[in-house]
Each structure stands twice: as C-alpha cells, then as structure tokens.
Amino acid sequence: MRLSQAFLPTRKEDPADAEVVSHRLLVRAGYIRMIARGIYTFLPLGWRSVRKIEAVVREEMDRAGALEIMMPAVQPAELWEESGRWDEYGPELLRLTDRKGADFCVGPTHEEVVTDLVRGDIKSYKQLPINLYQIQTKFRDEVRPRFGLMRGREFVMKDAYSFDVDIESAETSYQAMFDAYHRIFQRLGFEYRAVEADTGNIGGSTSHEFQVLADTGEDEIVSCSQCGYAANVEKAEIRVDATDREDVELHPTEKVPTPNASSISDVAAFLDKAPQEIVKTLIFQAEETLVAVLLRGDHDANPIKIATYLRDHTDIEVGDLHLATDAAITKATNAPVGFAGPVGLSIPVFADLAIRPLANFTVGANEADTHLLNVNYDRDFQVTAFADLRLAREGDACGRCGGALTSHRGIEVGHVFLLGDKYSRSMEAHFLDQNGRHQPMQMGCYGIGVTRILAAVVEQNHDDDGIIWPMAIAPYHAILTVLHPDNEDVMAIANDYYQQLQDAGVEVLLDDRNAGIGAKFKDADLIGIPLRVTLGARGVKEGQAELKLRHAPDKEFLSIDDVVPRVIDEVHSALHKS
C-alpha cells in the first residue's frame, strides 16, 4: 500500500480519555477510533492486524479439530430463560424488544444458542464428540468501559463449544483446547500465564484464564516458581503450615475504649499493635442468612472463596454473597460499622486459616468505640469452621508445594471452562447412549478476546516512540520510507523494491508522501512496522540504503542490491519463529 493513497490518520496528541498505553497508541497511530464509550471503529491498519490474529486462532482451532460456524448476534429471550440466565446475567446483558413485542438480547456469549443448535441435530453417542467455534462480534454493556479495547462494550471474540458423552471425554476436549490456547499465545509472542480461575456467571467446574503479563493489567495473578502453579488472586490456594496456636498462656479478656478508631490502621495505631495482632470481623449477607468472617488485620477477604466454601461445605443458601448493609450489621452486632467482633454473635462464624495460630488477639467489642483485648477462640467464642477465605498476595505460601507466590498484573485474553451439564441439563440437550438411555451432553466452552489481544500486544510491545509489532500480526511487514519522492532515481529504486518484496510475499507500506523527513520517521516508529528501509538521494548516489529493525536500537547500511534479499530473509525468519 502507498501511503500517499492510504487512510492513515495519525495524531500527535494523546486522546483525552486514554488511561493505558495501548489505548493511547492505537488511537494516535491510526488503528482505531471511538464512536461511543467502549465502541470502536477499526481503521485499515487496525483491521489488518485483527484479521491476522483471527488467522492464527483459526489455524489452531482447526488443527485441534474444531469446526467453524457463525451464529446470530441477536438471540431470543426464550433460550436464556431456559438456561436461567435471562434473570441471572444482570445489566451487562443488552436487552431489546422487536416490533411484535418479543424480547431479545445482543449476545455477550453463545452457550444457549449453540446448545439449542446441537440438541436439534445430535441424538446419538455416535455423533459425539463435536466442537463448534465462531469468530464474531459480542456486546456486553459494561458499567464502566475503559482502557480502550481492553474493556470495551463491543468486541470481537472467538468462542468454541465442545459436546461429549461423559465427563472423561469432556476433560479430553478441554485439554485439547487448553493446549491449542498455549500454541496460539506462543505464536503471538506473548509472555503469559495460564492460571486457575473462578467460573463466574458462565458456570462449570473447572476454569483457566490465559493472562498476558503487563503492568497495566486489570487482574492480579500469582504464580509459584517452584511448581508452576498459577491462579488469579480470587482462586489462588494458600498454604498455612501452622494449623494450631502454640501452647501459650491465654490472658484474661479486657475491654478498652477506642474512640473514633474503626479501621484496622486506626486501631493498630491507637493500641500500638501490629495489624497481624488484630482480627477483623466482616459480616456478609448470604440470601436470608448473615455470616461472620474473621480475618487477620493485614489480610483481605475473598468473597469468591467464601461463597464457594459455604456452597460446598454448609447448608447455607448463598445466592449473591455480598457485604451486609450498615443497617444489617448494626442489627447483628448492636454496634456501628467498624466495631464488630465474634464474641457474643448469634450468627455462624467462619475464620480464615491464618487465624488458627493466633492467641490473645484484639477484636471489636460489638459496642461503639470499644475493642476487646486478649480474645481467644474456643474460650471466648466458637468458630463454625476454619478455611482458606482470603485473597492471595505476593510472598504467601503456594497451596500446592509451599513455595513463595509471586504477584503479577495480567490482561485476560482467553478463558476456558469445563461446563459439565449446566446448560445441557436445563435445556434438555440429550443423546441416546450405548444402552439406549437419555443422557445430558457434557460441555466445555472456550473464549479468546480477539480485539483485546490487539491491545495486549501493544501493552507488551512498545517504547516511547510508539508500537513495536511482532512480525506475525503486524499490519505490514516492512515500510519503505522515501525521503525524496520527487527524485526519479530514488523513486525508481523504491518502486522496484516495492514490487520485488510483494512478489516475494512481503507485505509492504511505501511512504511516498510529500512530507517532512522527521514526520515520516515519527510515523514509522508510531505505527510500529517491524522493518524500515530508508531511501534518500544521498544514499542512492552512494549505492546504499538504510535498514532499521523497529525493536533494535541501531540501524545499518546495505548496498542497494542487498536490501531486498535481506528484508525477505528477516521477514521469513521472524514468521517461521512464530
């Protein structure tokens, strides 16, 4: 493509609403434009890179045995009512009504649609397994769209769905997709982690997120260098080796005034104690039941772990677990928020494992401006159960091997779920097994944020001057920067290079604009094309051209005849590595 004929509207200034590098650079480099909050138009360069990402995804999906289809973006409410998600999904689901009054939604995902498709045509175990995928636009009405493509409302996603006869076969399909995702992200050149994750509102029993490591990532993940275990902080298992308190003297409980000290930091400062010596009591609302959760003062509660534990180990109806309202806390404790404690509470009390080694700790007294010193469980109150209920953090012991966990920021670009029969049972997607009995299909679903990948690549590959594209998904492999387009000799060589490289399969931008030399160099760095060849009158006269790799600090001069073979070799070598 010749830039004199191209639509490449670069900008000097950052967009006012840009909070992260990828948003700033993709707008400035002319890859995307916002039409509404969280909704973007992809310009020619941006769409070329998106299509290259799609190509990598398609190749690996096909290689793994998945079959591509295309499902509608607009979905009838009836299917979502069958699965139970029409009421459960929440305000992110964009709902609409047609002229006849029928309810629809713009699909954020397609579990219901694909289950309906398969149940209509698959009747026997002989037709399974099957894995169907699509690459399609989705819409989720995010309450706070931000970070450009990283948290948009409309986005392109690859979603795949596997159907199997039993859970063992479903696990095999899950592993095939898990392996395919590794190949995809390796080919894209990412530094990433596959981490264990919560299944969220998709549901299922097993889930992994593929997180691209970046300082600007919204997600916090931890990993263990000893055993390779990795998980997001909401899922990460923590080992607490000390399970019981030491045989120490238990001191008498003492009530002390703590005026206006309701936070852990305020109480610690007022009583001259470390936060680790204070136990905070959080009151959660689980359906109609209140529960108390005890944590060490320097730790944070993990609502997902708490909800999972209550569902799996108690008879409590959990529902949408959340912190109780101020009014509910006051009613349960007879005290203002900030002074709750476990002594005398008439609701179930669950304690994080880190509480178990503690003795003579400080808690709220369930009385305004008052705390209790030297409190001990068993003697002063009863714990319903001890469990891992807190968020993991850097330095915690790995729940698998005991090694130290390291913290990272991550951008979620892929997510795989082992769904089991969550959708097939509620939507009656059954098949006849070998014995002629109806069985629900076992499902998995597998998503990749195609347009989010574009942003994630930029987050990992940029410098102060602009984007540094990996060769595999760069919109063009090389840019020919012509410094003197009015010079016939220079343009003759540039046109010859342009034709030879295209004939060799190298995608080339030819900057033949009548623009300043500085502007051309700035644009080339900003848009991030991997290879730059510079031709000028002086160099041509001396029989030389300049070659610069975008990721390298130095440039080199080649003879006119050596340029094309060298560029072809650089491009093919880089593509072969990917």
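A residue counts as buried under 20% relative accessible area, as exposed over 50%, and as partly exposed in between. Keep these cut-offs at hand for the tour of this predicted model.

**Stop 1: the cysteines**

Select Cys 227. Its relative accessibility is 39%, so Cys 227 is partly exposed. Now show its sulfur and that of Cys 401, the closest cysteine sulfur: the gap is 3.7 Å, too far for a bond. A disulfide needs two cysteine sulfur atoms within 2.5 Å.

Move to Cys 445. At 4% relative accessibility this residue is buried. The closest cysteine sulfur to its own is in Cys 105, 16 Å away, which is also too far for a bond. How many disulfides does the rule give? The count is zero.

**Stop 2: strand E7 and its partners**

Select residues 130-139, which make up strand E7. Eight of these ten residues are buried, so the strand is largely enclosed by the rest of the structure.

Next add residues 67-68, strand E3, which runs parallel to E7 and is joined to it by two bridges. Glu 68 has Tyr 133 in E7 as its bridge partner. Then add residues 154-164, strand E8, which is antiparallel to E7 and joined to it by ten bridges. Tyr 133 appears here again, opposite Ala 160 of E8. In general, strands of a sheet pair through backbone hydrogen bonds, either parallel or antiparallel.

**Stop 3: the loops around E7**

Select Leu 128 and Pro 129. A cis peptide bond joins them, with omega about 5 degrees. Pro 129 lies in the loop between helix H5 (111-121) and E7.

On the loop between E7 and E8, select Phe 147. Its phi is positive, near 65 degrees, and the residue is not glycine. Phe 147 is buried, with a relative accessible area of 10%.

For a second case, go to Asn 334, in the loop between helix H9 (326-333) and strand E17 (349-352). Its phi is near 60 degrees, again a positive value in a residue other than glycine. Is Asn 334 buried or exposed? Its relative accessibility is 66%, so it counts as exposed.

Both kinds of feature are worth a look because most residues other than glycine have a negative phi, and most peptide bonds are trans.

**Stop 4: a three-stranded sheet**

Select strands E4, E6 and E5, which form an open antiparallel sheet in that order. E4 (74-76) and E5 (94-97) stand at the edges with a single partner strand each, so one side of each has no neighbour in the sheet. On average, neighbouring strands here are turned by 35 degrees against each other, direction ignored. Four bridges link E5 to E6 (residues 103-106); in one pairing, Leu 96 has Phe 104 of E6 as its bridge partner.

**Stop 5: helix H13**

Select residues 517-527, helix H13, and colour its buried residues: Lys 520, Asp 523, Ala 524, Asp 525, Leu 526 and Ile 527. They pack against several elements, including helix H1 (21-28), helix H2 (44-63) and strand E29 (531-535). Just after the helix, Gly 528 has a positive phi of about 80 degrees.

**Stop 6: the second largest pocket**

The second largest pocket holds about 430 Å³ of space. Its lining has 20 residues, and the closest to its centre are Trp 469, Pro 470, Met 471, His 551 and Ala 574. Helices H6 (167-187) and H15 (563-577) each supply at least two lining residues. Which element gives the largest share of the lining? It is H15, with four residues.

Methods. Residues numbered from 1 in each chain as written. Predicted model: local features only at pLDDT ≥ 70, side-chain atom pairs only at ≥ 80, totals over all residues. Heavy atoms only, no water. Buried < 20%, exposed > 50% of the residue type's maximum accessible area, 1.4 Å probe, protein only. Pairing = 2+ DSSP bridges. Axes fitted to C-alpha atoms, helices over the stretch in contact; angles between N-to-C directions. Contact = heavy atoms within 4.5 Å. 1 Å grid on protein atoms, 1.4 Å probe; cavity = no way out; pocket = protein on both sides within 12 Å on 5 of 7 lines; lining within 4 Å. Points joined across faces, edges and corners; volume = space filled by probe spheres on them.
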